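This report considers a sheet and the salt bridges of the model shown below. Please keep the sequence and the structure in view while reading.

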Amino acid sequence: MKSNRLRLWVLLAGIASALTAESPSITIPAVSGALTIDGKPDDGAWQAARVLPLASTEFAMPFPAGGEARIATRGAYLCLSARIPEPDRVVAHSTGRNPNWWSEDLITWNIRVQDTDERRHLSLSLSVNPLGAYRLAGGAGVPSLEGDASLLVATNLGAGEWTVEAAIPMARLGQIGFIDVQRVRAPRPDAPELRWYWPAANERATFQFAALTHDAAPEFDPDRRRASGSSPVQPSTALNWIPKNAWTEDQRNRLNVSRMIENSLRSRMAHVADEEKPEWQKVDSRESWERFRDQRLGALRRWLGPWPERTPLRPVVTRRADYGDGFVIENIVFESRPHLLVTANLYLPDKPSGKIPAIVVVHSHHAPKTESELQDLGMTCARSGTAVLVMDQLCAGERLQSQPWYRESYYGRYALGNQLLLAGESLMKWMVWDLMRGIDVLVERPDIDPRRIVLLGAVAGGGDPAAVTAALDERVAAVIPFNFGEAGPEEHYTNGPRGYPFDTAWPGWGEWETTRCLPRSSVDQYFPWLLCASVAPRPFLYSFEIGWPVDVEHEPAWARYKKVFEFYGAREHLDEVHGFGPFPGPGECNNVGTFLRGRIYPILARWLNFPIPATEYHNPRPASELMCLTPAVAAERRPVPASAIAAELARNGLKTARSRNPSASELRAALGEKLGDIEPFAKTSAELLWEKAGVQGTVEALAIQTAPGITLPVFVLKPAHPAAKRGPAVLAIAEGGKARLLAERSPEVIALLRDGIEVCLPDLRGTGEVATTSSRGPGAMDLPETELMLGETMLGARLKDVRTVFHYLASRPDIDPTRIAIWGDSFAETNPDDFTFDQSEMQEAGPFAQHQAEPMGALVALLTGLYEDRVAAVAARGGLVSFLSVLEDRFCHLPQDVIVPGILEAADIADIAGAQGSRPILLEGFVDGRNKIAREVRLQSEFATALKASPHAIIRESSADPGLATWLASQTMRKK
């Protein structure tokens, strides 16, 4: 009892002392009147509440204002509210009570007050995010603060702001205490984390409650947000008599249908590898090697395109820390191009002697520059006399392009990589340019030896850009590209036996991360091994994260590396380093582990006289100490998302293309260069698999060959009462294939059959029966990416499929070749107009559904109309309003298999529609790059040329009269 009284006396004495000090003191007023906790602090009671303005002394414009909090009592409740200005989308992921916070926008009230029952002090902290998730800390043991029903919290998202209301039971709260409020705004691409305070940073105010009223508890009405912009179509059973598949199970197994597309691509890859081998075997001297190398590096340079202008770096050190242990860390910000900031940690000896060597580290996609292995490397080498520059790569750390969440340095590359490709750029090019500018930073320093700059690419995603940079920038004195150059752990341990003879080079294989599988790298033969070998005679360390399955002499690329370096008499400049164990296994690391570093140091000492560290140093600093971008620098430099820079490049490229005013034939040629092989297969064949009659007519199941090794299942639905002569037909295509068209568009299909129109439903490659997976996420994009490596596109391949099927239909005796219409459709749900909860496609699912567009059907329909003059009409639903719209935001929601590199250098979708001339077209339900419905005003603006060109064009934001099937029937029945 005495100890409790003593603690109470100490608390009261402290509060009384604070009341007489200089810290602010407030009286929290009691208010009356209606008050509903619904997240909207617009009830009259709030007008009498105490206003707590949130402010910061560190920054002002161009950042948002801090907003304000309010506080009052109403009856037995302490009522809190906040109005938070936010011109951008909010950053929030958590929901519910007591979540484990992500990096997200928050407001926090800290209240220290006496517990009148237990005579102890309570340190209450209530944090709330824009989604209404909240955590109350410090209320343990107080029943009124622990139950879900007693603590009321609600939020609301409005135009340019988010608001909060909360009510805390006061049953055991004393009359006086301390309070402070803090707002945290999570990092964005244009700003670091920002904080506002009341009364001020590291300060709190004393308070006392005014006399309480006897009002009842506030009403509670939390916000209910809708999660989707459209509802899925309920499948119909009207055409259930038609089997879903054309092939029987035995036929599918015999044809290996599920791997047909993959096997075709592997065959094409093997052909490329077989073509490269004899050319390599002719290389027998330094001169012939350099001709062989330069031809392929020239192709790489042409694909990358011209480098940006070498604008001023404008480097600034925002923090320099000397930890008193032999090293210092400089936090640096520089500009690789105007308004694209690079954040980097430069580790230096505390007492450098003369010009010192340097290592530029390309971190993995696992984590940004603050990861502990990177810190260990930097500190260890700096203590021994080597500088280490660790830059945040695009999408990582302070250079986030999506959300500041776990693994976004990996996930964020998907959207940005796709956006850059559309603009005729690439993520690899931008990463390489950043690294070249990082070398510029080092070269400009008087303490760095420009002849001893080494590039080290870490184990997962760092080796690729390191190798390309070293191949193209001779200032790199040596390169260490882990898991690259035919040394990836997946290929050795998870993909089974090697698919090529030992003396045949591995071209690679596609996956969604475009830096690992460069477009045209196979067809133009700049294979991974070639990029690594191109640095010769500069030193190259063939680097493998884990243990070789046997040893390096059993690695096919090793023989080629030795041959190249021997041409220069520089065999000593080639070495290898490897870890231990299999994959997956204990030898894996996040970047470059201690074991690997210990093997690298003596090799660098032998090559370039690098000092060898005496011991490994481990004392990782908090990430906060390694942050480079300050509010002041962000306000001065005005960083913008990479997508915004790419959008400007794309707009300029598109403007140039349109200024040429290309004819239809010129547009076809320009787009053909981007799409790849789109010509109908000349040796097509069609096999009748079976025929079945039903209520609405008859269905023929066919197998039609559209390319070597590619045979597609096709349904041709014939009306119950066909035309006496050659009649009209509609060729319908969509992601999901014929089965989904029959299930979700059966009313339209039945209406067409009733009007005497045949309906053709093919499964294009990668869809329907020939889909390799039901997934539509990044992990399912290896085949489209492999097409890019081969110099083709999946969209172009599907256009080839449709054109081949179109030519087959035109040759049928029952179909009039002048009355075939194309119908492209989509079944994707859309995102609502006010959708702001975008996140990367691979991120853990958030509280609101995020839908991906599926514009393939509409795109291929319009392209078929462009290339096939005999098409009678084109109807397209759910297409993209423009490829340019994919770059309008840092988020985009569409699959990689509709990406066409450089298409915006030739045309956009409105140009394709406009080139249809007077052909009837119907476009409806088109979406933008974030899969939100394009509204009428935008449609009329985007497609003004098409509307002017064709008196039969209908472009609308949603379905209306005439319905799609009615419109198609009217167009195919027209006399030509």
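Which residues are linked with R890 in a network of salt bridges? They are E86, D88, D105, R183, R185 and R188. A salt bridge here is a side-chain nitrogen of Lys or Arg within 4 Å of a carboxyl oxygen of Asp or Glu. The model is predicted, so local features need pLDDT of at least 70 and side-chain atom pairs count only at pLDDT 80 or more, while totals for chains, interfaces and linings use all residues. Residues are numbered from 1 along each chain as its sequence is written, and side-chain values use heavy atoms, with hydrogens and water left out.

**Salt bridges**

Across the whole structure, the search yields 79 salt bridges. Side chains of opposite charge can pair when their charged atoms come close. Three of these pairs are listed here.

| Pair | N to O distance |
|---|---|
| E193 and R195 | 3.0 Å |
| R560 and E276 | 2.8 Å |
| E769 and K738 | 2.7 Å |

The setting of each pair is described by accessibility; buried means under 20% relative accessible area, exposed over 50%, and partly exposed in between (1.4 Å probe, protein chains only). E193 is partly exposed, with a relative accessible area of 38%, and R195 is also partly exposed, at 29%.

R560 and E276 form a salt bridge with N and O atoms 2.8 Å apart. This pair links distant parts of the chain, with R560 in helix α12 (residues 556-567) and E276 in helix α4 (residues 260-281), 284 residues apart. Helices (H or I, at least four residues) and strands (E, at least two) are DSSP runs, numbered from the N terminus. R560 counts as buried because its relative accessibility is 5%, and E276 counts as buried because its value is 1%.

In the salt bridge between E769 and K738, E769 lies in the loop between β28 and α19 (782-789) and K738 in helix α17 (residues 737-744), so the pair ties together parts that are 31 residues apart in sequence. Both E769 and K738 are buried.

**The sheet**

An open sheet with mixed pairing contains 9 strands in the order β24-β25-β26-β28-β27-β29-β30-β31-β32. Two strands are taken to pair if DSSP finds at least two bridges between them. The edges are β24 (686-693) and β32 (954-956), each of which pairs on one side only. From one strand to the next, the twist averages 15°.

Helix α18 (residues 746-754) packs on this sheet and touches β26 (710-719), β27 (727-734), β28 (758-762), β29 (815-825) and β30 (871-877). Contact means heavy atoms within 4.5 Å. The direction of α18 makes about 60° with that of β26; axes are lines fitted to C-alpha atoms, for helices over the stretch in contact, and angles run from 0 to 180 degrees between N-to-C directions.

Strand β29 is mostly covered, with 10 of its 11 residues buried. Strands β27 and β29 run parallel and are joined by 7 bridges, with G727 opposite I815 in β29. Strand β29 also pairs in the parallel sense with β30, over 5 bridges, and G824 has A876 in β30 as its bridge partner. The chain passes from β29 through helix α21 (residues 856-867) to β30 in a right-handed β-α-β crossover. Right-handed means that, with the strands pointing away from the viewer, the path from the first strand over the helix to the second runs clockwise.

Strand β31 (residues 921-924) and β32 pair in the parallel sense over 3 bridges, where E924 stands opposite R956 in β32.
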